[in-house]
Amino acid sequence: MNSAAEFTKELCELDDFSLHPASWAQAMYLNVSDVRTYLKGRVRDGQRTEIIATMLSHPGNPGAAATSGYKVITLMPGANGYPDLDALKAVLSERTAALLITNPEDTGIFNPQIREFTDAVHAVGGLCCYDQANLNGLFCLTRAREAGFDLCHYNLHKSFSSPHGCQGPGAGAQGVVAKLEKYLPVPRVRYDSGRHYWDYDCPEGIGKLRKVYGVP
């Protein structure tokens, strides 16, 4: 793995990273693409048709799910300003493909029950995607793995001062747990014997997300 990916991996403790997404919105779409590819063949066709998002997370989350053909279920904020755990459990089923959520949401309120959220989704066979748009104040205090997430992404224009909307390399860097590594887009950046190289031999990957040579 290249050094930039190693750096971002340390901050969330997931197992591998892709720097392909040109923006945070594209990273959200990549999250959903990885979910779809992972679930394909693991359940009967057409079963997992729903993705859960929240009203106060970034609108790109439900947008990516809808663009990918999923039915979107939207959780509203509860009395504490973040979604209620019972409300989540009420919409979980064998149709659940994933939860897409920002934490803190755009109110700035951190959901202290987030691990219970991800555990509940995993209990019905779904995956959990962490949109880390509002992470800045929580670096090294909480990590995606500790909260039970399978995928995450950074908004580099917020978290690492990358120009907003520049579409440059890795502007929506995405992390995944080990079971999802093989679905990352190609080419992958590999390191061996003192050199970096492009690896296109990833037969289970989702394919090419975009051109990988910098700002379009």
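This passage describes the overall make-up of a predicted protein model and then turns to its core, its strands and several individual residues.

The protein contains six helices and nine strands, and buried residues account for 52% of its 216 residues. Its accessible surface amounts to about 9700 Å², and carbon and sulfur atoms contribute 52% of that surface. When contacts between residues at least 6 apart in sequence are considered, 64% of them link residues at least 24 apart.

Nonpolar side chains tend to be buried together in soluble globular proteins. In the present model, the largest nonpolar core comprises 47 residues, and the residues with the most contacts inside this core are Val-35, Ile-51, Leu-88, Phe-117, Phe-149, Tyr-154 and Leu-180. The surroundings of Ile-51 can be listed in detail: with residues up to four places away in sequence left out of the count, Ile-51 touches Val-32, Ala-65, Tyr-70, Lys-71, Val-72, Ile-73, Ala-97, Ala-98 and Leu-100. Val-32, one of the residues touched by Ile-51, is also among the buried residues of helix H2, as is Val-35. Helix H2 spans residues 24-39, and the distance from its first C-alpha to its last is 23 Å, which is close to the 22 Å expected for its 16 residues at 1.5 Å a residue. The other buried positions of H2 include Ala-27, Met-28, Leu-30 and Asn-31, together with Ser-33, Asp-34, Tyr-38 and Leu-39.

Strand S5, formed by residues 127-131, is mostly covered, with five of its five residues buried. Leu-127, Cys-129 and Asp-131 point one way from S5, whereas Cys-128 and Tyr-130 point the other way. Strand S4 (residues 96-102) pairs with S5 in the parallel sense over five bridges, and within this pairing Leu-99 stands opposite Cys-128. Between these two strands the chain passes through helix H5 (residues 114-123), and the resulting β-α-β crossover from S4 to S5 is right-handed. S5 is also joined by three bridges to strand S6 (residues 151-153), the two running parallel, and here Asp-131 of S5 is placed opposite His-153 of S6.

The loop between S5 and S6 holds Thr-142, a residue that counts as buried because its relative accessibility is 16%, below the cut-off of 20%. Although Thr-142 and Leu-11 are separated by 131 residues in sequence, their C-alpha atoms lie 8.9 Å apart in space. A further pair of this kind is formed by Glu-10 and Cys-140, which are 130 residues apart in sequence and 9.1 Å apart from C-alpha to C-alpha. Glu-10 itself belongs to helix H1 (residues 3-12) and, with a relative accessibility of 55%, counts as exposed.

Several features of the backbone geometry can also be noted. The peptide bond from Asn-103 to Pro-104 is cis, with omega near 0°, and Pro-104 is located in the loop between S4 and H5. A cis peptide bond also joins Val-186 and Pro-187, where omega is about 0°; Pro-187 lies in the loop that connects strand S7 (174-176) with strand S8 (188-192). Finally, Ser-193 shows a positive phi of about 50° although it is not a glycine. Ser-193 is situated in the loop between S8 and strand S9 (195-199), and it is exposed, with a relative accessible area of 70%.

How values were computed
Residues are numbered from 1 along each chain as its sequence is written. This is a predicted model: local features need pLDDT of at least 70, side-chain atom pairs count only at pLDDT 80 or more; totals for chains, interfaces and linings use all residues. Side-chain values use heavy atoms; hydrogens and water are left out. Helices (H or I, at least four residues) and strands (E, at least two) are DSSP runs, numbered from the N terminus. Buried means under 20% relative accessible area, exposed over 50%, partly exposed in between (1.4 Å probe, protein chains only). A nonpolar core is a set of buried Ala, Val, Leu, Ile, Met, Phe, Trp, Tyr and Cys residues joined through side-chain atoms within 4.5 Å. Contact means heavy atoms within 4.5 Å. Two strands pair if DSSP finds at least two bridges between them. A crossover is right-handed if, with the strands pointing away from the viewer, the path from the first strand over the helix to the second runs clockwise. The expected span of a helix is 1.5 Å times one less than its number of residues. Accessible areas come from the Shrake-Rupley method with a 1.4 Å probe; for residues, only the protein chains shown count as cover.
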